[in-house]
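Here is a short, friendly briefing to read alongside the sequence and the 3D view. Keep both open and follow the topics in whatever order suits you.

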Amino acid sequence: MSRLPDDPPDYFRVHVFICTNRRPDDNKRGSCAQKGSEALREHMKEAQKKLGLKDVRINSAGCLDRCGQGPVMVIYPEGIWYSFHTIADIDEILDTHVVKGGRVERLMLAPNS
């Protein structure tokens, strides 16, 4: 979706939604929270604050419906999806995508995967 000429400016330059959905441990789909997303989100949020990125928002999200690839996040306004598993992954996404505007291709999810 593209912006229209009369749309107001973005409130945040970058808006990150990290799935922190938690299902019962016996649920066959699993959940991102079971795979560590809550702690990894907290790390990203703290790193963002330390970098002074006031125009960036790191939010928790309910189920983003990509449980098998989790934990997952989506970054707007680009709509880029990532799967991540470690603090190093989070740091790379924050530096490469959020700060520098690039992409971490090894962690990106295809639109229909």
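**Aromatic pairs and the wider fold**

Two aromatic pairs are found in the structure, which is a predicted model. The protein chain has two helices and four strands, arranged along the sequence as β-α-β-β-β-α. The points below start with the rings, move to the nonpolar cores and V99, and end with the chain as a whole.

**Rings**

- The pair formed by Y11 and F12 is edge-to-face, because the ring centres are 4.9 Å apart and the planes stand at 90 degrees.
- Y11 is exposed, with a relative accessible area of 75%, whereas F12 is partly exposed at 22% relative accessibility. The cut-off for exposed is over 50%, and buried means under 20%, so F12 falls in between.
- F17 and Y76 also make an edge-to-face pair, with 6.1 Å from centre to centre and 70 degrees between the planes.
- This pair of F17 and Y76 links distant parts of the chain: F17 belongs to strand β1 and Y76 to strand β3, and the two are 59 residues apart.
- F17 is partly exposed, with a relative accessible area of 25%, and Y76 is partly exposed too, with 38%.
- W81 has a charged partner: the charged end of R66 sits over the ring of W81, 4.8 Å from its centre.

**Nonpolar cores**

- In soluble globular proteins, nonpolar side chains tend to be buried together.
- The largest nonpolar core here holds 20 residues, and those with the most contacts inside it are V16, M44, M73, I75, Y82, I93 and V98.
- Elements giving two or more residues to this core are β1 (14–19), α1 (37–50), β2 (56–61), β3 (72–76), β4 (80–83) and α2.
- Helix α2 provides the largest share of the core, with four residues.
- Which residues does V98 touch, not counting those up to four places away in sequence? They are R13, V14, V16, M44, L53, V56, I75 and I93.
- There is also a second, separate core of six residues, and C19, C32, V72 and L109 are among them.

**A look at V99**

- V99 lies in helix α2, which covers residues 87–99.
- Is V99 buried, partly exposed or exposed? At 40% relative accessibility, V99 counts as partly exposed, because the value is neither under 20% nor over 50%.
- Leaving aside neighbours within four places in sequence, V99 is in contact with L51, L53 and L94. L53 is also on the list of residues that V98 touches.
- G30 lies 69 residues from V99 in sequence, and the two are 31 Å apart in space, C-alpha to C-alpha.

**The chain as a whole**

- The radius of gyration of the protein chain is 14 Å, which agrees with the value near 13 Å for a compact globule of 113 residues.
- The C-alpha trace spans about 50 × 30 × 25 Å along its principal axes.
- Of the 113 residues, 39% count as buried.
- Among contacts between residues at least 6 apart in sequence, 58% join residues at least 24 apart.
- The accessible surface comes to about 6800 Å², and carbon and sulfur atoms account for 53% of that area.

Technical notes
Residues are numbered from 1 along each chain as its sequence is written. This is a predicted model: local features need pLDDT of at least 70, side-chain atom pairs count only at pLDDT 80 or more; totals for chains, interfaces and linings use all residues. Side-chain values use heavy atoms; hydrogens and water are left out. Buried means under 20% relative accessible area, exposed over 50%, partly exposed in between (1.4 Å probe, protein chains only). Contact means heavy atoms within 4.5 Å. A nonpolar core is a set of buried Ala, Val, Leu, Ile, Met, Phe, Trp, Tyr and Cys residues joined through side-chain atoms within 4.5 Å. Rings of Phe, Tyr and Trp (its six-membered ring) pair if their centres lie within 6.5 Å; planes under 30 degrees apart count as stacked, over 60 as edge-to-face and the rest as tilted. A charge sits over a ring if NZ of Lys or CZ of Arg is within 6 Å of the ring centre and within 35 degrees of the ring normal. The radius of gyration is taken over C-alpha atoms; the globule rule is 2.2 Å times the number of residues to the power 0.38. Accessible areas come from the Shrake-Rupley method with a 1.4 Å probe; for residues, only the protein chains shown count as cover.
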